[in-house]
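Here are a few notes to read with the model open beside you. Take the points in any order you like.

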Amino acid sequence: GVMFGNSMNLYGAFMSVITTVEPFTKVRGTRKNRIIFITCIWVVGTLIAIFATSNFLTLYTNFLAFVLFFMIPWTAINLVDFYLLKHGHYNVDALFDVNGEYGRFNWITLGIYFVTALVELPFANIALYQGPVSKAMNGADISWLVGVVFAVIVYYFVGKRRQNQMAVDKKVS
């Protein structure tokens with residue numbers, strides 16, 4: 001059972017890494033690259049496990065809090081885009097076309113994401129940093145709440161404005 005679970009974890013990690021690397025490099029998910037990536041992931045994971053055995057739960061909790069800090073705003077942006085702006089309708093083919101309607105990067109969305117992360121900082125209490133608002137609140141971490149509210153409001157209004165502008169541009173042309 002452990003072997004099956006670990007093989008699924010390694011494969012999932014490989015898929016995440018290759019999905020991140022492929023668009024920016026010439027690396028593809030060939031058999032040779034799968035073996036190389038999975039071996040590297042296995043070595044790194046094993047080293048982390050060896051060095052983290054003395055205080056694993058603390059390190060893991062800190063890691064999850066750190067990841068949560070960055071995942072909350074991105075999730076909020078995606079949900080607003082899907083449900084409130086696009087209503088579930090995407091041009092799927094254009095998602096894979098760097099010259100398509102979505103382009104390679106959506107700089108406005110990335111900007112909102114990074115600004116949201118900055119707005120969260122004063123409210124955060126993670127292992128590496130505690131913001132002044134969190135200190136004033138005896139260590140409470142409400143960065144996730146601030147991140148959700150800020151990202152939803154800003155992305156919705158910016159996205160709605162962009163949609164309206166695109167509709168006007170479409171009518172003019």
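1. Start with the largest pocket, where α7 gives the most to the lining, with eight residues. Keep in mind that this is a predicted model. The lining of the largest pocket counts 33 residues, and α3, α5 and α7 each supply at least two of them. If you want to find the middle of the pocket, look for Leu-95, Tyr-102, Gly-103, Phe-105 and Asn-106, which lie nearest its centre. The space inside comes to about 1500 Å³.

2. Next, have a look at helix α5, which runs over residues 107-120. From first C-alpha to last, its 14 residues reach 20 Å, close to the 20 Å expected at 1.5 Å a residue. Its buried residues are Thr-109, Ile-112, Tyr-113, Thr-116, Ala-117 and Glu-120. They sit on the same side of α5, because they cover an arc of only 140° around the axis. The spacing fits a general rule: an α-helix has 3.6 residues a turn, so residues three or four places apart point the same way.

3. What about the two sides of that helix? The cover over the buried residues of α5 includes α3 (56-85) and α7 (143-172). Turn the model round and you'll find the exposed residues Trp-107 and Leu-118, on the face of α5 that points away from its buried side.

4. Which residues does Thr-109 touch, leaving aside its neighbours within four places in sequence? They are Trp-74, Ile-77, Tyr-155 and Arg-162. Thr-109 belongs to helix α5 and counts as buried because its relative accessible area is 7%, under the 20% cut-off. Its side chain also makes a polar contact of 3.0 Å with the side chain of Asn-106. You've met Asn-106 already, among the residues nearest the centre of the largest pocket.

5. Thr-116 is another one worth clicking on in helix α5. Its relative accessibility is 0%, so Thr-116 counts as buried. A polar atom of its side chain lies 2.7 Å from the backbone oxygen of Ile-112, and Ile-112 is itself one of the buried residues of α5. Not counting residues up to four places away in sequence, Thr-116 touches Pro-73, Gly-147, Phe-150 and Ala-151.

6. Follow the chain past α5 and you come to Ala-124, in the loop between α5 and β1 (125-126). Is Ala-124 buried or exposed? It is buried, with a relative accessible area of 0%. Beyond its neighbours within four places in sequence, Ala-124 is in contact with Phe-69, Tyr-129, Gln-130, Gly-131, Ser-134, Asp-141 and Ser-143. If you'd like a distance to check, the C-alpha atoms of Ala-124 and Ile-41 are separated by 30 Å, with their positions 83 residues apart along the chain.

7. Finally, two backbone angles to check. His-87 has a positive phi of about 50° although it is not a glycine. You'll find His-87 in the loop between α3 and α4 (92-95), where it is exposed, with a relative accessible area of 52%. Asn-138 also isn't a glycine, and its phi is positive too, near 55°. Asn-138 lies in the loop between α6 (132-136) and α7, and at 77% relative accessible area it is exposed.

Technical notes: Residues numbered from 1 in each chain as written. Predicted model: local features only at pLDDT ≥ 70, side-chain atom pairs only at ≥ 80, totals over all residues. Heavy atoms only, no water. Helix = DSSP H or I, 4+ residues; strand = E, 2+ residues; numbered from the N terminus. Expected span 1.5 Å × (residues − 1). Buried < 20%, exposed > 50% of the residue type's maximum accessible area, 1.4 Å probe, protein only. Arc of directions from axis to C-beta. Contact = heavy atoms within 4.5 Å. Polar contact = N/O pair within 3.5 Å; in protein donor to acceptor, adjacent residues only side chain to side chain. 1 Å grid on protein atoms, 1.4 Å probe; cavity = no way out; pocket = protein on both sides within 12 Å on 5 of 7 lines; lining within 4 Å. Points joined across faces, edges and corners; volume = space filled by probe spheres on them.
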